[in-house]
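Here are some short exercises on aromatic rings, each with a worked solution. Take a look at the model first, then try each task before reading on.

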Amino acid sequence: MFDNFLQVVAHCDSYPYGPAHNNATPIILNERVIGNVLPSIRSRLIDYNDNSEPKPFKITHQIEFQPWVDSFEKRTQVVKDLMETWRANGLPSLQGWRNELYPVYGVSGKPDFVMERAATPLFGISTFGVHVNGYTGDKLWVARRSKTKQTWPGLLDNIVAGGISYQYSTKETVIKECDEEASIPPSIAEKSKNVGVVSYYTTTQHGLQPETQYVFDLVIPEDFKPTPKDGEVEDFYLMDMDQVKKTILNNEWKPNCALITIDFMMRHGIITADNEPNFIDIATRLHRRLEFPNPRKD
């Protein structure tokens, strides 16, 4: 249970600001921080590195690839070998292995390597996804995650959401996820509008997750009802905003999806500066500045 929406945001944006970063070791590539490793993972990485020949990493007060690991392909292979070894050794954080590649962006705004989605928190890699607010009139479509989901089972969710896999665009991801999760056809999904981003830095039992979500709004026709398709969603509900607020404060939502929904309510004039005492703090906290390189279009 939360007393207010600022607590909801802080629950997700949970990695401390400022000096608390000192408990993590930065990963450096081309003189930029691309991730952070917690002490427990750093010790595992040192053991792995010491038993590898040639050593793939240089580990001091920071973590770097050795000079021989000098290409997209080599970095991708080095990280793949590492994570597959840890997975074979039963590292709990990798039990949710997806066989889905996430890009790791460098200073050029292009991927410097790719890595398994489930492994990104171990390196504290900045990841990117899409979240869709589907609404009909003044009501919001809300998904309930399947009770068999490996992450956040049974909690409430946005109508559609998903990570952006390697070589997918944001809009392509929206259209794909709309079909797979909610049986929303492209004729409807392609009308979604990219209305901004929400960013936060969260901590989980698996590591660190700095994330940026591209936010889309989508008007769902009154004669259409989203239906589960790929098993990730149990059901969909059309909720009025009072219900939405109540369920968020009751901690019934997947944490980052609650942030996307709070952002929706602020943009649509449901949460305002006149009815929300923490309006400015919430607005700024939904757009945390992350220190990592971002994707850029040419």
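## Rings and their partners

Lys 176 lies over the face of Tyr 168, 5.3 Å from the ring centre. Keep in mind that this is a predicted model.

**Exercise 1.** Find which residue lies over the face of Tyr 17, and at what distance from the ring centre.

*Solution.* Start at the ring of Tyr 17 and look over its face: Arg 288 lies there. Its distance from the ring centre is 3.7 Å. For a charge to count, the distance has to be within 6 Å.

**Exercise 2.** Count the aromatic pairs, then classify the pair of Tyr 15 and Tyr 201 as stacked, tilted or edge-to-face.

*Solution.* Step one: the count comes to 8 aromatic pairs. Step two: the ring centres of Tyr 15 and Tyr 201 are 4.4 Å apart and their planes meet at 35°, so this pair is tilted. Step three: place the partners in the chain. Tyr 15 is in the loop between α1 (5-12) and β1 (25-29), while Tyr 201 belongs to strand β11 (residues 193-204), so the pair links distant parts of the chain, 186 residues apart. Step four: check exposure; both Tyr 15 and Tyr 201 are buried.

**Exercise 3.** Do the same for Phe 65 and Phe 113, and name the cluster they belong to.

*Solution.* The centres are 5.6 Å apart with 80° between the planes, an edge-to-face pair. Phe 65 sits in strand β4 (residues 63-65) and Phe 113 in strand β6 (residues 111-116), 48 residues apart. Phe 65 and Phe 113 are buried. Finally, ring pairs join Phe 57, Phe 65, Phe 113 and Phe 123 into a cluster.

Conventions:
Residues are numbered from 1 along each chain as its sequence is written. This is a predicted model: local features need pLDDT of at least 70, side-chain atom pairs count only at pLDDT 80 or more; totals for chains, interfaces and linings use all residues. Side-chain values use heavy atoms; hydrogens and water are left out. Rings of Phe, Tyr and Trp (its six-membered ring) pair if their centres lie within 6.5 Å; planes under 30 degrees apart count as stacked, over 60 as edge-to-face and the rest as tilted. Helices (H or I, at least four residues) and strands (E, at least two) are DSSP runs, numbered from the N terminus. Buried means under 20% relative accessible area, exposed over 50%, partly exposed in between (1.4 Å probe, protein chains only). A charge sits over a ring if NZ of Lys or CZ of Arg is within 6 Å of the ring centre and within 35 degrees of the ring normal.
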